[in-house]
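Here is a short, friendly tour for someone meeting this structure for the first time. Take a look at it, then read on.

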Amino acid sequence: MRVSSGVPGFDELVQGGLLKDRLYVVSGPPGSGKTTFSTQFITQGAKAGENCLYVTMHETKEELMQDMSGYEFGFDQVMASGKVQFLNLMTDGGKRTITQFGTEGGLTNRIVAFLEQQDIDRAVIDSTMLLQHFFNDVSDEITGFLSALKQTDTTTVLISEMTDPSSYADEHYLAHGVIFFHNYLEQGGMTRGVQVIKMRGTAIDCDIRAIDFSDRGLRVRPEQKVEA
C-alpha cells in the first residue's frame with residue numbers, strides 16, 4: 001500500500017507514492033527543501049484523517065508555522081486544528097511528554113512507545129544531527145534508534161543534514177528510502193533538484209529532477225531532468 005507524499009510531482013518518481021509504514025531519510029544542504037517537503041508530507045496525512053506527529057529539537061511550533069505561513073498547502077491549518085501532534089524535545093513540556101512513555105531505554109524506547117501508544121500513522125523527525133545530543137555512543141545508539149523506527153507501523157520521514165550526496169551515513173544504509181535535495185549556484189542563479197537515491201520495493205531512476213517553489217509549496221517537475 002502506498003501513501004501520497006503530498007508534494008505535487010514527487011509521487012510520479014516513486015510509482016505513485018511511498019510504501020506505508022517504512023522509514024525514509026530526506027537529506028540535503030540547508031535551504032534545499034527538506035523541511036518544506038516534510039511539512040507537505042505531514043499536511044497530506046492530516047488531511048487524509050491520519051494521526052500525525054512532528055518531532056523537532058530546534059524550533060517551536062509557532063516558529064515552524066510562521067516559516068510555512070507563506071505557503072497555501074494548509075500546514076498552518078492542520079497544526080492549529082490539532083490534527084498534528086507537535087513535540088519539541090528541547091523544551092520542558094516536550095521532555096515531560098516523552099517521559100510519560102517510559103523512563104528506561106532512553107529516547108529510542110520513548111519515541112517508539114509514543115508512536116505505538118498514540119497510533120501514529122505519519123511522523124517527521126527533525127533531525128539526525130540534533131539526535132546526537134541524546135546519545136552517548138552515537139553510532140550504536142542511532143543504529144538502534146533507526147532499526148526500532150523501522151519496526152513500527154508508522155510511515156516516518158527523518159530529516160538528515162547532509163551536503164555531499166556521495167558521503168553516506170548510517171541512516172542512509174538503514175532506511176527503506178533515501179531522497180536527496182540539491183541546490184547549487186550556476187551563472188543563471190540557483191538550480192534546485194530532487195534525487196531518489198534509494199527506494200526499496202520501488203522501481204526508480206537516479207536522475208536529478210527539477211523542483212520549484214510556489215505559493216502551493218514545493219513542486220517536482222518529473223519530466224525535467226537536471227544536469228549536475
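## A strand on the inside, and a pocket

Before anything else, keep in mind that this is a predicted model.

Let's start with strand E6, which covers residues 122-126. Is this strand enclosed, and why? Five of its five residues are buried, so strand E6 is largely enclosed by the rest of the structure. That goes for both of its faces: Arg122, Val124 and Asp126 are buried on one side, while Ala123 and Ile125 are buried on the other.

Strand E6 has partners, too. It runs parallel to strand E4 (residues 52-56), and five bridges join the two. It also runs parallel to strand E7 (residues 155-161), again with five bridges. Val124 is a handy landmark here: Tyr54 stands opposite Val124, and Val124 also stands opposite Val157 in E7.

Now for the empty space. The largest pocket holds about 180 Å³. It is lined by 13 residues, and those closest to its centre are Gly31, Ser32, Gly33, Lys34 and Thr35. Two elements, helix H1 (34-47) and strand E7, each give two or more residues to this lining. Helix H1 gives the largest share, with three residues. Sorted by class, the lining has four nonpolar, six polar and three charged residues.

Thr35 deserves a stop of its own. This residue lies in helix H1 and is one of those closest to the centre of the largest pocket. Leaving aside residues up to four places away in sequence, Thr35 touches Tyr54, Leu64, Met68, Asp126 and Ile159. Two of these names have come up already: Tyr54 stands opposite Val124, and Asp126 is one of the buried residues of E6. As for Glu59, it sits 24 residues from Thr35 in sequence, and the two are 12 Å apart in space, C-alpha to C-alpha.

How does Thr35 compare with a couple of cysteines when it comes to accessibility? Here are the values side by side.

| Residue | Relative accessibility | Class |
|---|---|---|
| Cys52 | 1% | buried |
| Thr35 | 25% | partly exposed |
| Cys206 | 43% | partly exposed |

The cut-off explains the split: buried means under 20% relative accessible area. At 1%, Cys52 is therefore buried, whereas Thr35 at 25% counts as partly exposed.

And how many disulfides does the structure hold? Zero. For anyone new to the term, a disulfide is a covalent bond between the sulfur atoms of two cysteines.

Notes: Residues numbered from 1 in each chain as written. Predicted model: local features only at pLDDT ≥ 70, side-chain atom pairs only at ≥ 80, totals over all residues. Heavy atoms only, no water. Buried < 20%, exposed > 50% of the residue type's maximum accessible area, 1.4 Å probe, protein only. Helix = DSSP H or I, 4+ residues; strand = E, 2+ residues; numbered from the N terminus. Pairing = 2+ DSSP bridges. 1 Å grid on protein atoms, 1.4 Å probe; cavity = no way out; pocket = protein on both sides within 12 Å on 5 of 7 lines; lining within 4 Å. Points joined across faces, edges and corners; volume = space filled by probe spheres on them. Nonpolar A, V, L, I, M, F, W, Y, C, P; charged D, E, K, R; others polar. Disulfide = S-S within 2.5 Å. Contact = heavy atoms within 4.5 Å.
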